[in-house]
Amino acid sequence: MRRHRIAAAAAGGVILAALAAGCGVPVEDTAREVEQTGNNAPSAAPTPAVAASGPITEKLYLLRDGHLIAVERKVPAQPDAQQLLADLLAGPTPAEQEAGLNSALTGTTAINSATDAAGSATVELSTALEGTGRSDDVLAFGQLVCTLSSRPDINQVVFTRQGQRVGVPRGNGALTEDPLTCADYGNLEAQ
């Protein structure tokens, strides 16, 4: 009985060794560049923001360790809501990246425009930014609301799609179509 077990174990080892040799990945002695085939070429990486300079201070909200961080940049002229949005969507500058800052909005195409009038900014979404399954949706809306309402003449921010208000998450995750302020995301700001 013991001979049969030893023989079976030896036969199993030989079969496993043969399978491993036949299915193995070829080994090369030196590294080489792998050619890409088909349509799997990488998409264009988001263009990082460049550091601008000027007499005006704009405040953008970026992220560090899952918290909103206010960043000040010098710009040549007072940015309107659309320019603030463009600067925010461009992401952190290389120096800000080195400081550990990032953005939940980098690479997003779900935002069409931002306008401001009568103390309110309106962000027009092209597609659903909310409910995409991303864990950083709340942070993305916090970045948008806090950045736009950092201008002294913008007191609140609303979100629309095709001109109709849409519900977006507050800092606590509760959906609302009401106008939002940075205070709605106060729980996400770094202490």
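F141 is buried, at a relative accessible area of 0%. The model is predicted. F141 belongs to the one aromatic pair in the structure, and its partner there is F159. The chain has 191 residues, and 35% of them are buried. Four helices and eight strands make up its secondary structure elements.

**Aromatic pair**

- F141 and F159 meet edge-to-face. Their ring centres are 5.0 Å apart, and the planes stand at 90°.
- F141 sits in helix α4 and F159 in strand β5 (residues 156-161), so the pair ties together parts 18 residues apart in sequence.
- F159 is buried as well, with a relative accessible area of 3%.

**Overall layout**

- Along the sequence the elements run α-β-β-α-α-β-β-α-β-β-β-β.
- Among contacts with a separation of 6 or more, 54% join residues 24 or more positions apart.

**Helix packing: α2 and α4**

- Helix α2 covers residues 81-89 and helix α4 covers residues 137-148. Their axes come within 10 Å and cross at roughly 140°.
- That angle falls short of the over-145 range for roughly antiparallel, so α2 and α4 are oblique to each other.
- The crossing of α2 and α4 is right-handed.
- On the α2 side, the contact uses A81, L84, L85 and L88. On the α4 side, it uses Q143, L144, T147 and L148.
- Six of these contact residues are nonpolar and two are polar. None is charged.

**Buried site around Y185**

- Y185 lies in the segment after β8 (175-176).
- Y185 is buried, with a relative accessible area of 0%.
- Leaving out residues up to four places away in sequence, Y185 touches V138, F141, G142, V145 and C146, among others. F141 is also a member of the aromatic pair.
- Other contacts of Y185 include L68, V168, P169, R170, G171 and L180.
- Y185 and L139 are 46 residues apart along the chain, yet their C-alpha atoms are separated by 8.4 Å.

**Buried site around L62**

- L62 is found in strand β1 (residues 56-64).
- L62 counts as buried, at 1% relative accessibility.
- Neighbours within four places in sequence aside, the contacts of L62 include H67, L68, I69, V71 and R73.
- L62 also contacts L88 and Q143. L88 is on the α2 side of the helix contact, and Q143 is on the α4 side.
- P92, E96, L101, N102 and S103 are further contacts of L62.
- L62 and L105 lie 43 residues apart in sequence, with 9.2 Å between their C-alpha atoms.
- L68 is a contact of L62, and L68 is touched by Y185 too.

**Positive phi in loops**

- D65 is not a glycine, yet has a positive phi of about 55°.
- D65 lies in the loop between β1 and β2 (67-75). At 68% relative accessibility, D65 is exposed.
- Q162 is another non-glycine residue with positive phi, at about 50°.
- Q162 is placed in the loop between β5 and β6 (164-165). Its relative accessibility of 75% makes Q162 exposed.

Key
Residues are numbered from 1 along each chain as its sequence is written. This is a predicted model: local features need pLDDT of at least 70, side-chain atom pairs count only at pLDDT 80 or more; totals for chains, interfaces and linings use all residues. Side-chain values use heavy atoms; hydrogens and water are left out. Axes are lines fitted to C-alpha atoms, for helices over the stretch in contact, and angles run from 0 to 180 degrees between N-to-C directions. Helices (H or I, at least four residues) and strands (E, at least two) are DSSP runs, numbered from the N terminus. Angles under 35 degrees count as roughly parallel, over 145 as roughly antiparallel, 65 to 115 as roughly perpendicular and the rest as oblique. A crossing is left-handed if the near helix is turned anticlockwise from the far one by less than a right angle, and right-handed if clockwise. Contact means heavy atoms within 4.5 Å. Ala, Val, Leu, Ile, Met, Phe, Trp, Tyr, Cys and Pro count as nonpolar, Asp, Glu, Lys and Arg as charged, and the others, Gly among them, as polar. Rings of Phe, Tyr and Trp (its six-membered ring) pair if their centres lie within 6.5 Å; planes under 30 degrees apart count as stacked, over 60 as edge-to-face and the rest as tilted. Buried means under 20% relative accessible area, exposed over 50%, partly exposed in between (1.4 Å probe, protein chains only).
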